[in-house]
Amino acid sequence: STTPSSFPTSALFLSPSFPPSAAHSSPPSRASASPTVASSTTPSSFPTAAPFSSPSFPPSAAHSSSPSAAPVLEESALFPTQTPTTSAPTPDQFPPNPVPLNPRLGYFNYDPTDENYGPGFRSSNKDKYSFENNGWATINAKDTDEYKYWREFDKYLEPNLERNYCGDTDVWTDSRGFSHFQSPIHVRATGNKKCLEFHEIRDRAGDWRMDDVEVKKEIHSNKIRVVYPRRTGEEPDPPNADIPSGWQKQMDVIHIDIKIPAEHTLNGTEFPGEYQVYIISTAGRGAVAVSILMDLHPDDEDNPTFGIALNEFKKEFNKDITACIEKMRGGGRKLTDSQVSIENLEKLIFPPPPPPSGSIFTDLVNTETDLGVHPDCLTGNIADGGDPCTSPGFWDPWHPRDILRTDWFYGYDGSTTEPPCYPIATFRIMDTPMLISRSQLTDLKKLIFFHFSPECEATSVHFDQSVARPIQQSVGAKIHRCTCLNFLSDKERNENPGRETCEVEEFCNYHECS
């Protein structure tokens with residue numbers, strides 16, 4: 001390791017330790033289910049490919065029948081665990097930051113016992129689903145970062161963005177009659193809504209590379225976010241997707257949020273992380289959030305496509321830490337007993353990533369013939385008939401082997417999951433998780449939980465190693481599930497004209513059955 005071997009947590013943070021969250025650190029086994037509601041945890045025999053033009057990829061290794069065990073943090077040299085004793089619990093390797101002495105406007109955290117800034121905890125009143133000590137509900141919406149972000153799209157959104165919805169106990173109904181619940185929820189097919197979709201999510205990678213300066217890599221207090229440049233003409237293309245069931249064709253991706261652990265549960269199973277792709281409708285329907293749950297690879301293999309993104313966030317993390325160190329050394333920031341030392345800040349810096357073997361766009365471009373272009377440039381863009389491909393390579397946020405490993409999903413109308421909790425999101429929860437390694441999960445935790453701003457502020461608002469909003473009530477929610485009984489992949493349809501869906505007896509060939 002290129003990092004120093006001694007880095008006691010207590011030397012970095014002077015806040016109290018908390019035991020790890022049992023709910024998130026040790027997920028329960030997946031429950032058995034009948035074929036009509038089975039959770040698909042193995043990749044389909046027909047993996048999603050970029051629609052019509054991208055090359056096909058073999059499915060990844062079969063996903064294990066039960067979630068991975070609780071992650072073992074492998075940076076023991078960086079964050080050593082003290083020898084446990086019978087009188088004291090093992091310290092939390094990622095303890096929460098204390099509330100700032102003068103919290104900025106819009107500040108919130110994930111401590112359920114913090115009645116001023118926390119999300120609250122489930123009411124003991126069984127007849128009323130609400131949260132006691134809900135500090136989120138008291139935040140002025142206009143003070144939040146999310147208000148500043150979403151007001152760019154105000155003309156496409158129905159809800160009043162100046163209102164805080166975090167305390168709502170009733171659904172919010174839009175002009176089309178769809179009832180939006182507060183998110184996240186326990187996701188499972190409720191049987192009170194049918195799948196009305198008739199094709200897969202037709203995704204397109206776009207023209208941007210992850211290391212393009214126009215693509216913003218932001219480390220927030222509760223997530224990491226990729227923000228894509230807005231479309232200013234026909235080219236270059238942001239990532240986009242055709243969402244079935246009456247949405248516009250090829251709507252643009254505006255950002256990707258990555259949070260740990262996962263906020264949604266799927267058929268009673270909790271996951272270590274969640275990757276949410278937000279797509280905006282310019283026709284006034286709001287936003288689609290395509291949610292891909294994250295699980296640990298059964299063989300502890302790195303996810304190469306996700307690793308490219310992680311490396312770019314590590315650069316941002318290192319840049320902020322370095323700026324803080326320079327400020328301290330120059331006397332621009334006075335050290336206090338509540339702040340970290342320069343020595344320990346230096347230990348936080350990620351080592352440089354190893355040079356890529358071959359092209360960093362392995363599996364994404366044809367390096368043998370040195371094309372280095374998006375497949376759309378070779379075969380034509382189905383949506384507009386041609387794409388000159390303005391970038392020398394691209395990063396695919398929908399990679400069919402590493403990220404979007406299934407064609408099928410659950411759906412419901414929900415909300416954003418931090419203040420002001422806008423009821424603008426129509427969720428599509430993919431039924432197969434993407435897989436990452438334990439070290440990649442540890443890197444995610446470090447990026448969010450140990451981030452310092454250039455002004456030397458510890459930014460994270462996590463609690464119990466979590467930046468996931470508590471599960472909200474979903475009684476009466478219309479959650480539907482789309483399976484091969486509703487549609488087959490475009491690839492299989494193209495290869496078998498006239499075959500649109502699978503037969504009931506074929507269900508277990510496409511989905512995991514107990």
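Visitor: How do the residues lining the largest cavity divide into nonpolar, polar and charged?

Guide: This is a predicted model, and a search of the whole structure turns up four cavities of 30 Å³ or more. The largest of them has a volume of about 150 Å³. Its lining splits into eight nonpolar, four polar and five charged residues.

Visitor: Which of the lining residues are closest to the centre of that largest cavity?

Guide: The lining of the largest cavity has 17 residues to pick from. Those closest to the centre are Asp174, His180, Gly284, Arg285 and Gly286.

Visitor: Let's talk charges. How many salt bridges are there, and which residues are linked in a network?

Guide: With a cut-off of 4 Å between side-chain nitrogen and carboxyl oxygen, the count comes to 24 salt bridges. The residues linked in a network are Glu146, Lys223, Arg225, Asp257 and Glu418.

Visitor: How many residues apart are Glu197 and Arg428?

Guide: These two form a salt bridge, with the closest N and O atoms 3.0 Å apart. Glu197 sits in the loop between β5 (186–187) and β6 (202–204), while Arg428 belongs to strand β15 (residues 425–430). So the bridge links distant parts of the chain, and the partners' separation is 231 residues.

Visitor: Are Glu197 and Arg428 buried or exposed?

Guide: Buried means under 20% relative accessible area. Glu197 comes in at 5%, and Arg428 has a value of 5% too. Both therefore count as buried.

Visitor: Glu492 and Arg499 also meet in a salt bridge. Which partner is buried, and which is partly exposed?

Guide: The N to O distance for this pair is 3.2 Å. Arg499 has 22% relative accessibility, so it counts as partly exposed. At 4%, the buried partner is Glu492.

Visitor: And for Glu500 and Arg493, which one is buried?

Guide: Their side chains meet in a salt bridge at 3.0 Å, N to O. Glu500 has a relative accessible area of 40%, so it is partly exposed. With 13%, the buried one is Arg493.

Visitor: Where is Gln440, and which residues does Gln440 touch beyond its sequence neighbours?

Guide: Gln440 lies in helix α7 (residues 438–449), and it counts as buried because its relative accessibility is 4%. Phe306 is 134 residues away in sequence, yet the C-alpha atoms of the two are 8.8 Å apart in space. Leaving out residues up to four places away in sequence, Gln440 touches Asp302, Asn303, Phe306, Gly307 and Leu310.

Visitor: How far apart in space are Pro100 and Glu457?

Guide: Pro100 is in the loop between α2 (22–25) and β1 (121–122), and at 38% relative accessibility it counts as partly exposed. Glu457 is 357 residues away from Pro100 in sequence. In space, C-alpha to C-alpha, the distance is 9.4 Å.

Visitor: Now the backbone. What is omega for the cis peptide bond from Ile260 to Pro261?

Guide: Pro261 falls in the loop between β10 (251–259) and β11 (265–266). The bond leading into Pro261 from Ile260 is cis, with omega near -10 degrees.

Visitor: What is omega for the cis bond from Pro419 to Pro420?

Guide: Pro420 is in the loop between β14 (409–414) and β15. The bond that joins Pro419 to Pro420 is cis, with omega near 10 degrees.

Visitor: What is the relative accessible area of Cys421, and is this residue buried or exposed?

Guide: Cys421 is found in the loop between β14 and β15. Although Cys421 is not a glycine, phi is positive here, at about 60 degrees. The relative accessible area is 0%, which means Cys421 is buried.

Visitor: Gln465 has a positive phi as well. What is its value?

Guide: Gln465 is in the loop between α7 and β17 (480–482). With a relative accessible area of 13%, Gln465 is buried. For this residue other than glycine, phi is near 55 degrees.

Visitor: Stepping back to the whole protein chain, what percentage of its residues are buried?

Guide: The chain has nine helices and 17 strands. Among contacts with a separation of 6 or more, 71% come from residues 24 or more positions apart. The accessible surface is about 21,600 Å², with 51% of it belonging to carbon and sulfur atoms. Of the 514 residues, the buried share is 55%.

Technical notes
Residues are numbered from 1 along each chain as its sequence is written. This is a predicted model: local features need pLDDT of at least 70, side-chain atom pairs count only at pLDDT 80 or more; totals for chains, interfaces and linings use all residues. Side-chain values use heavy atoms; hydrogens and water are left out. Helices (H or I, at least four residues) and strands (E, at least two) are DSSP runs, numbered from the N terminus. Buried means under 20% relative accessible area, exposed over 50%, partly exposed in between (1.4 Å probe, protein chains only). Contact means heavy atoms within 4.5 Å. Accessible areas come from the Shrake-Rupley method with a 1.4 Å probe; for residues, only the protein chains shown count as cover. On a 1 Å grid over the protein atoms alone, a cavity is a set of points where a 1.4 Å probe fits but cannot get out, and a pocket is an open set with protein on both sides within 12 Å along at least five of seven lines; lining residues have an atom within 4 Å of a point. Grid points are joined across faces, edges and corners, and a volume is the space filled by probe spheres set on the points. Ala, Val, Leu, Ile, Met, Phe, Trp, Tyr, Cys and Pro count as nonpolar, Asp, Glu, Lys and Arg as charged, and the others, Gly among them, as polar.
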